[in-house]
Every structure is written in structure tokens, then in C-alpha cells.
Amino acid sequence: MKTPAPRWVCLQLLQACNLRCTMCYEWGETGAYFQAGKSPVLGLDVIERIVAELSPYRPHYDLFGGEPLLHPRIDRVLEAIKQAGSTVYVVTNGTTLEEHAELLAAAPVDLVWISVDGPEAINDRQRGAGTFARIARGAEALHAARARRGGRLPGLGASLAVTPLNHASIEETFLRAVDRRLFEHASIEYQSFITPGQLQEYGHILSDRFGRHGVKHAAAFARDPAALASIDAAEVERQIQSVRAAWTAEGKRVLTKPLTTTAASTRAYFEGRIEGLADYHPRCAFPWLYAEVSAEGDVTPCHAFYDLTFGNVNDRPLLDIWRSEQFDLARAFFRERLMPVCAACCLYHTRPDA
């Protein structure tokens, strides 16, 4: 059932990043923004208006990018959200954490997710030379800033995207490379992708059912499953079990996306067979609970739906868009079936209450 306002809001603060991670569907070689000629920024006035409008409902906020800490008024963004009584998570590549540590601890942000894609040599091949050392210094700085304030916020999480390059290093990353004294949370997420066939089907649906033409954003997810065939599903399952046992024994939380990471389910995922997932479900609850606002102001019901939007917050209030007939007609369609691009969406592979 649709809620009167979204319970969870993701703000893409800007389309800019200081890294060019090889697997990234935004800034990698096939990324939607890799050759873009502009870098939109979601204006502070628009953000403050959204937060004020939603303040009676106190939704949870995720801040996303690009790299959200590059937003020129990230301080005011955090201030507005926290003063409205909402929780807020920041998803960051971690390379500017040293300079933002005091700000994040003072807000305080509720949880900072830091991307770490392997031990130093592998992480730096995937994310750029020197990034592991900068991430490590940033995590230490944020942990220290939190300690100086005598609190437990921000929580710190380490997040790894499983790819052909790092799939054999999951255990090494979380048990040896990452300083577990600094982190309370770990997230292991399979690389987001859709098959070329799913992309083609998605384009037909957008055109035939919604009158939208073009799949620039979804195209950035497209991968031939053959490029992922080197991932050893049984070894991934073993390593995740090892990491989960070690971290949970220390009272730490381990999340995975998808939720079930057996070898069979992992194999189905990387072969592009979404129906073969242990957690397969024929529809997704998030269009009734969640709203995402792009850096250009477009509102979508999903982290992967940037080619299908229902209004722009620069022109209309977010709640008008959320409650619009156009959005409700789309929800009626989503009630009937998944979209082909859903296979690439991290929200589909989690729970609304996670």
C-alpha cells in the first residue's frame, strides 16, 4: 500500500565524482556520466524545501552521488536533515573523509558507508591508485572524531562490490585488510548489472507502456554474463560465510545483496538469471515506500529507474509527484510484474526494513 509520503528518500546530491572505478555504472568506462558534458548539482534550496515538506513524516535519507561529500553545501544539507528529526546515511568512496570527519561526527550522520573493494593492491586497481590508503586514513579520522565527542555516531560501514577482479579476496578484505576495530557494519554487494537482452526488453517496455524513449542510464548496467563467468560462486559463498561468522562473533552486522549467497543463487545472479535467485520475488515493494531524487531533480521510484521519472522537484513539490496519477499508474504496472532493469537494482536485493 502506498504511504502518504515516502518512508525512505535518496538524494543524488550531484553528478560528479573524483574517482573512475572500473565497474561503476555511473563513472566507469560504460558509465552513464563518463562522457557527460555537464555535472548537475541538486540545489541547497531544493533540498531544504524537500526536507521541510517531508518533515512531518520524518523519512530516512540516503545521500548519494557521484561522491556526495563533494556537494558544495554538504554541511547545510546534513544540518537540515538532522534538524528535521530524520536519520541520514552517507554513501561515500571515502577519499575525502579526513577533511569531512569533524562535520560528519558533529551532525551527527547516523551511518557512513565507505566503499572498499579489496586489499590495497586490488582495491587500487579497481578504484584508483592510492585510494586504499586514503580510505584507511579517512576511516581512522572519522572514528577518532566520533570518539572525541564521546558518542557512537556516525556508525561506520565497509562496503564491497563483488566483481571478477576481487571475488577471491572477500575474506582477505574483511578479515585482514580492513581494520575491524573501526567498523560496526559490513556490506557485500554483487556487482549491479543486467544482460543485453534485459536492456532491450526494458527499452521496449518504456516505449510501449510509458511512452519514454532512450535507456542511457539502464545501458550503463548492461554486461555480457560471459564477462562475469570467472567469478567462483562456491568460493564466494565460502568467503561470505567466513566473514559473517567472524564479524557477527564480534557483535557486528553483515549485510549481503542479494540476501541469500549460496553458490547456486550466486551463480544464477552472475549468469543473469534473476528467476533462479533463492530470494526471487515477482514484484518489489519500494515504489510504494521509496523515492529517489536525481541531481537534476527528477523523481524516480528506484535506484535503477533514471530513464523512467515522474516529475521534477525544481518544478513541483515532491509530495505532488509522489501522489500523482502518473506515479500511481506506474505503480499499478509494477504490481503486475518486475521491470527487466530490476535485476540491477540494489533495492530489489534487500528488504524495505533493512
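The legends below describe close-up views of a predicted model.

**View 1. The open sheet of nine strands and its two edges.**
The strands of this open sheet follow the order β7-β6-β5-β4-β3-β2-β1-β8-β9, and their pairing is mixed. At the edges stand β7 (253–257) and β9 (299–300), each of which has a single partner strand, so one side of each is left without a neighbour in the sheet. Strands of a sheet pair through backbone hydrogen bonds, either parallel or antiparallel.

**View 2. Strand β2 between β1 and β3.**
Strand β2 (60–64) is paired in the parallel sense with β1 (residues 8–12) over five bridges, and in the parallel sense with β3 (residues 88–92) over three bridges. On the β1 side, C10 stands opposite D62, whereas in the pairing with β3 the residue opposite L63 is V90. In a regular strand the side chains alternate between the two faces of the sheet. Both faces of β2 are covered, with H60, D62 and F64 buried on one side and Y61 and L63 buried on the other. Because five of the five residues of β2 are buried, this strand is largely enclosed by the rest of the structure.

**View 3. L63 within the largest nonpolar core.**
The largest nonpolar core comprises 102 residues, and L11, L63 and M339 are those with the most contacts inside it. When its neighbours within four places in sequence are left aside, L63 is in contact with L11, L13, P68, I74, V77, L78, I81, V88, Y89, V90 and V91. Among these contacts of L63 is V90, the residue that stands opposite L63 in β3, and another is L11, whose bridge partner in β8 is V293.

**View 4. Strand β8 and the hairpin to the edge strand β9.**
Strand β8 (residues 290–293) is covered on both faces, Y290 and E292 being buried on one side and A291 and V293 on the other. With β1 this strand pairs in the parallel sense over four bridges, whereas β8 and β9 pair in the antiparallel sense over two bridges. V293 takes part in both pairings, as the bridge partner of L11 and as the residue opposite V299 in β9. Five residues lie between β8 and β9 in the hairpin that they form, and G297 in its turn has a positive phi of about 100 degrees.

**View 5. Strand β6 and the edge strand β7.**
Five bridges connect β6 (residues 185–190) with β7, and the two strands run parallel; one of the paired positions is E189, whose bridge partner in β7 is K257. Also in strand β6 is S187, which is buried, with a relative accessible area of 1%. Residues up to four places away in sequence not being counted, S187 touches W113, A158, S159, L160, F174 and L255.

**View 6. Backbone geometry at three loop positions.**
Most residues other than glycine have a negative phi, and most peptide bonds are trans. A cis peptide bond joins K257 to P258, with omega about 10 degrees, and P258 lies in the loop between β7 and α10 (263–270). Another cis peptide bond joins A107 to P108, with omega about -20 degrees, and P108 is found in the loop between α3 (97–106) and β4 (111–115). R58, which is not a glycine, has a positive phi of about 50 degrees; this residue is placed in the loop between α1 (44–54) and β2 and is exposed, with a relative accessible area of 55%.

**View 7. The second largest pocket and the second largest cavity.**
Rolling a probe the size of a water molecule over the atoms shows where empty space is left. The second largest pocket holds about 170 Å³ of space and is lined by Q198, E201, I274, E275, Y280, P282, R337, L338, M339, P340 and A343, a lining that divides into seven nonpolar, one polar and three charged residues. Four cavities of 30 Å³ or more are counted in the model, and the second largest of the cavities has a volume of about 100 Å³. Lining this cavity are C284, P287, C302, F305, F334, R337, L338, M339, C342, C345 and Y348, which by class are ten nonpolar, no polar and one charged. R337, L338 and M339 belong to the linings of both the pocket and the cavity, and M339 is also among the residues with the most contacts inside the largest nonpolar core.

Note on methods:
Residues are numbered from 1 along each chain as its sequence is written. This is a predicted model: local features need pLDDT of at least 70, side-chain atom pairs count only at pLDDT 80 or more; totals for chains, interfaces and linings use all residues. Side-chain values use heavy atoms; hydrogens and water are left out. A nonpolar core is a set of buried Ala, Val, Leu, Ile, Met, Phe, Trp, Tyr and Cys residues joined through side-chain atoms within 4.5 Å. Buried means under 20% relative accessible area, exposed over 50%, partly exposed in between (1.4 Å probe, protein chains only). Contact means heavy atoms within 4.5 Å. Two strands pair if DSSP finds at least two bridges between them. On a 1 Å grid over the protein atoms alone, a cavity is a set of points where a 1.4 Å probe fits but cannot get out, and a pocket is an open set with protein on both sides within 12 Å along at least five of seven lines; lining residues have an atom within 4 Å of a point. Grid points are joined across faces, edges and corners, and a volume is the space filled by probe spheres set on the points. Ala, Val, Leu, Ile, Met, Phe, Trp, Tyr, Cys and Pro count as nonpolar, Asp, Glu, Lys and Arg as charged, and the others, Gly among them, as polar.
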